[in-house]
Amino acid sequence: GIAEVENAAWNGGSLHLAKRRIVSEFIKDPTLGSKRLISMPDRVTNTINVVTRQQSLYRPPPACRPSVINNYVGDLSSREVWWERWKLFMFQESVAVRTRTGVDVKTPVGMLELILRSKYPAVTEDEERMNIPLQLLCLAIFDAVILHFMNKLSPDGVWQVAKARICDKLYVRKQAMTLDILARRYGEVQVVCLQEVAAVFEDEFRQSSLASTHELVCPATLNGKRDQNSFILLRHDAFNMTTVCEVTAAVASCTESLGGIKLSDGDLLAIDVLDVRGTRFLIASFHGDTNGLLTVPLVSAICQVARTKFPQHQLLVALDANVYERPGKDKKAFAEFTREIAALGLTSIWGDQPDVSRCRTTCSARTSLQPQLNKAVRLQDRVERSDMNPKDTILFFPEQLKLVHPEEMNSELRRNPVKDNTGRLEYLEASVFPTLDFPSDHGIVAVALHAVHG
């Protein structure tokens, strides 16, 4: 409880937070990062995509924890004003979130999840026991420290004016901007796979022009708390929508049998569907873990399911593999990933021996306004030290599908595959994004494929 945390973490114990310097010993402490005591509660309460409690066409604005680092646009002019609002938000204000079974109503503190030692070994037994109060304490300290920084550096509040403009472009209008890019630039694409999508995207999609050309398929395990779901869009004139059948559970059971891997809700969506010509497809959309270590085992499970349960199907796997050009400790290398998928009999849109410089799909760098200041990048180093990696790809069996030659395409692009980080069918290398015109931190990859036979 609170008293135990005060004695064992605030005034004493191994953490002894009250005596720490706010930057070098708290914000930049890698131990707090490895224990996820700030980043985990921040992920859950940072920006909550809320819905109406009764069915309605109205889409309410998100509920944001009073903090500098998110989309909160209320008064943050003083610590006293912030603290009053922070306590009300966390403990008293209920929010309604979308789940696959309906709408769930909770307070933000009720949405926090235990940080288990089995997943994060840096957490001690005592810290696991008093986990939720400890998360709350660390998150409150973090928010207070960042607010202190901003009001010290910009006492006239100009920082809040700049923040409001960024929030409008990159959050308030994010879903609408995403749907607009897809409709204007990719409206003819027959299969669109999305990852790390908020549950409320479904509501936005229903009101968009894209709904007239495509069907949105959502996972049965839709997660409205983490809001990192994988979706699939199918073009109406290309597929028989009455044949869509989700088979995610078959892949999930296979991953567990292969090595005890347990997927998080929403990370994977796999479907069986028949196109209008009578060809059967097995399509998977997947978001890998941060280090990319679960990607190959998951792809291996998909291949096993494809060969044993869907042998007559054409396989398409679109994924954020989270692999790295120059991997650090315990991260999956792109070169290793490429070799291992080839051993599974797969190829990618980049080919079997790709030039990694052509395959990069991210270029983002952390500012200091986020939960792990030790990972922040200075403005002048934003490209050189960015997360510039070949994370996103599309996989298939080369005996089933092959790339359409650019000269055969009914397009002025004459490029296949295509990368895009502008929303204009072009990719600016070594250019940091998201931007005010492109709201995602992953580029779009698109490819034209046709059957090897027939």
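**Exercise 1. Check the length of helix α10 in this predicted model, then find what its buried side packs against.**

Solution. Start with the residues: α10 runs over 174–186, which gives 13 residues. Next, take the span from the first C-alpha to the last, which is 17 Å. At 1.5 Å a residue you'd expect 18 Å, so the helix comes out close to that value. Now look for the buried residues: they are Gln175, Met177, Leu179, Ile181, Leu182 and Tyr186. Finally, see what these pack against. Two helices turn up, α9 (158–172) and α11 (201–206), along with the strands β5 (191–197), β7 (229–235), β15 (418–420) and β16 (444–446).

**Exercise 2. Work out where Asp29 sits and what its side chain reaches.**

Solution. First place Asp29 in the chain: it's in the loop between α2 (23–27) and α3 (30–35). Is Asp29 buried or exposed? Its relative accessibility is 13%, and the cut-off for buried is under 20%, so Asp29 counts as buried. Then follow the side chain, which reaches the backbone nitrogen of Thr31 at 3.0 Å. Last, skip the neighbours within four places in sequence, and you're left with contacts to Arg20 and Ser24.

**Exercise 3. Decide how many disulfides there are, using Cys193 and Cys218.**

Solution. Pick Cys193 and look for the closest cysteine sulfur: that one is in Cys218, 13 Å away. A disulfide needs the two sulfurs within 2.5 Å, so 13 Å is too far for a bond. Turn it round and start at Cys218: the closest cysteine sulfur is in Cys193, again 13 Å off and too far. The count comes to 0 disulfides. As for its surroundings, Cys218 is buried, with a relative accessible area of 6%.

**Exercise 4. Find the residues with the most partners in the largest nonpolar core, then trace the elements that build this core.**

Solution. This core has 52 residues, and Ile283 and Leu346 touch the most other members. The elements giving two or more residues to the core include the strands β7, β9 (268–275) and β10 (280–287), and the helices α12 (248–259) and α13 (295–309). Which element gives the largest share? That's α13, with 8 residues. Now zoom in on Ile283: beyond its neighbours within four places in sequence, its contacts include Val191, Cys193, Ile232, Phe239, Leu269 and Leu316. There's also a second, separate core of 46 residues, with Val44, Leu139, Phe142 and Ala144 among them.

**Exercise 5. Describe the aromatic pair of Phe239 and Phe281, and find another pair to set beside it.**

Solution. The structure holds 7 aromatic pairs. For Phe239 and Phe281, the centres are 5.9 Å apart and the planes make 75 degrees, so with a cut-off of over 60 the pair is edge-to-face. Next, locate the partners: Phe239 lies in β8 (residues 239–246) and Phe281 in β10, so the pair ties together parts 42 residues apart in sequence. Both Phe239 and Phe281 are buried. Phe433 and Phe438 also form an edge-to-face pair, at 5.9 Å and 75 degrees, and both of these are buried too. To finish, look at Trp82, Trp83 and Trp86, which ring pairs link into a cluster.

Terms used: Residues numbered from 1 in each chain as written. Predicted model: local features only at pLDDT ≥ 70, side-chain atom pairs only at ≥ 80, totals over all residues. Heavy atoms only, no water. Helix = DSSP H or I, 4+ residues; strand = E, 2+ residues; numbered from the N terminus. Buried < 20%, exposed > 50% of the residue type's maximum accessible area, 1.4 Å probe, protein only. Polar contact = N/O pair within 3.5 Å; in protein donor to acceptor, adjacent residues only side chain to side chain. Contact = heavy atoms within 4.5 Å. Core = buried A, V, L, I, M, F, W, Y, C linked by side-chain atoms within 4.5 Å. Phe/Tyr/Trp six-rings, centres within 6.5 Å; stacked < 30°, edge-to-face > 60°.
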